[in-house]
Amino acid sequence: MATIAVPPSVPSPAEDAEQLQKAFAGWGTNEDLIISILPHRNAAQRKVIRQTYAETYGEDLLKALDKELSSDFERSVLLWTLDPAERDAFLSSEATKRLTSSNWVLMEIACTRSSMELFMVKQAYHARYKKSLEEDIAYHTTGDFRKLLVPLASTFRYEGPEVNMTLARSEAKILHEKIHEKAYNHDELIRIVTTRSKAQLNATLNYYNNEFGNAINKDLKADPNDEFLKLLRSAIKCLTYPEKYFEKVLRLAINKLGTDEWALTRVVTTRAEVDMQRIKEQYHKRNSVPLDRAIANDTSGDYKKMLLALVGHEDA
């Protein structure tokens, strides 16, 4: 009679919390024990582990990790352990600070999260920073960047599959006209990009491509060094083809002279439970090297082990 293989059960949150506490006890930290637990738990499980740890040991797990770990390994573990909305709120706040400012991170979070996820990020931002994300973005950006980023962060896009083809045709013509006039910051262009559903935008951009013979991002490359145009192109890519956008961020992070660990850590920790499989396929296709091998060749130690555990993480 055939025996049925029983999948190994995941330890209880109490067992995980106890093991993590053991990893911190005594001289030195048992990094391998931490890596054997946290990267293999999904967001809901990590949340319960944090609650259980606080109730049992009277300390926030994040504080304990912060005391015990350092450098890029610490950042990867802390970002991963955070609740996804809290993590995005933290990254957004960091992106509005002078020394770590990044319009790219703000755009990425606003464009690649679902409407409800972005709403939850804004709630988490309120709770932690006692301000709104929109007011901080508005205060810390200027000119065309502010004109694009504030509505991107403020929107609550419709998420259904319905598409209005008449609208797609008329708005594709508006986009083409404004781009032809080099009016890249025109209110109508910004309105379309920042408010239409992703399905509607895709239909509009497909019509644009078919009708005018070029993909919109090709026409937006008139001045390759224009930083606003770069951000606008990336916003469009994030809204329509996020895995292509993330593949490029990873490629640039890994292939730089000296790795951009912040970008690498951000993409791996924020996408591991979302679309990492599609990003890995896109990366392999574009670079002829598997992403895990590229990361392994470019990082070392516990940081490398943590990233590789997350890249292998099954999408939730």
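Reader: Where is serine 71 found?

Author: In this predicted model, serine 71 is found in helix H5, which covers residues 71–81.

Reader: Why is serine 71 called exposed?

Author: The cut-off for exposed is over 50% relative accessible area. Serine 71 has a relative accessibility of 57%, so serine 71 counts as exposed.

Reader: What is the phi of serine 71?

Author: Phi is about 55° at serine 71, a positive value, although this residue is not a glycine.

Reader: Which place does lysine 130 have?

Author: Lysine 130 sits in the loop between helix H8 (115–129) and helix H9 (133–140). Its phi is also positive, near 55°, in a residue other than glycine.

Reader: What makes lysine 130 exposed?

Author: The relative accessible area of lysine 130 is 68%. Exposed means over 50%, and therefore lysine 130 is placed in that class.

Reader: How many cavities of 30 Å³ or more does the count come to?

Author: The count comes to two. The largest cavity holds about 60 Å³ of space, and the second largest has a volume of about 30 Å³.

Reader: Why is a space of this kind called a cavity?

Author: The term applies where a 1.4 Å probe fits but cannot get out, which means that an open set of points is not a cavity but may be a pocket.

Reader: Which residues line the largest cavity?

Author: The lining consists of Ala110, Cys111, Arg113, Ser114, Ser115, Leu118, Thr155, Phe156, Arg157, Glu159, Lys198 and Leu239. Helix H7 (103–112) and H8 are the elements that give two or more residues to this lining.

Reader: What classes does the lining of the largest cavity have?

Author: There are five nonpolar, three polar and four charged residues. Asp, Glu, Lys and Arg count as charged, so Arg113, Arg157, Glu159 and Lys198 fall in that class. Ser114, Ser115 and Thr155 are in the lining too, and they count as polar because their types are in neither the nonpolar nor the charged list.

Reader: Which residues line the second largest cavity?

Author: Ser92, Leu106, Ile109, Ala110, Leu118, Leu133, Ile137 and Ala153 line the second largest cavity. H7 and H9 each supply at least two residues of this lining, and H7 gives the most, with three.

Reader: How do the residues of that second lining divide by class?

Author: Seven are nonpolar, one is polar and none is charged. Ala, Leu and Ile count as nonpolar and Ser does not, so Ser92 is the polar residue of this lining.

Conventions:
Residues are numbered from 1 along each chain as its sequence is written. This is a predicted model: local features need pLDDT of at least 70, side-chain atom pairs count only at pLDDT 80 or more; totals for chains, interfaces and linings use all residues. Side-chain values use heavy atoms; hydrogens and water are left out. Helices (H or I, at least four residues) and strands (E, at least two) are DSSP runs, numbered from the N terminus. Buried means under 20% relative accessible area, exposed over 50%, partly exposed in between (1.4 Å probe, protein chains only). On a 1 Å grid over the protein atoms alone, a cavity is a set of points where a 1.4 Å probe fits but cannot get out, and a pocket is an open set with protein on both sides within 12 Å along at least five of seven lines; lining residues have an atom within 4 Å of a point. Grid points are joined across faces, edges and corners, and a volume is the space filled by probe spheres set on the points.
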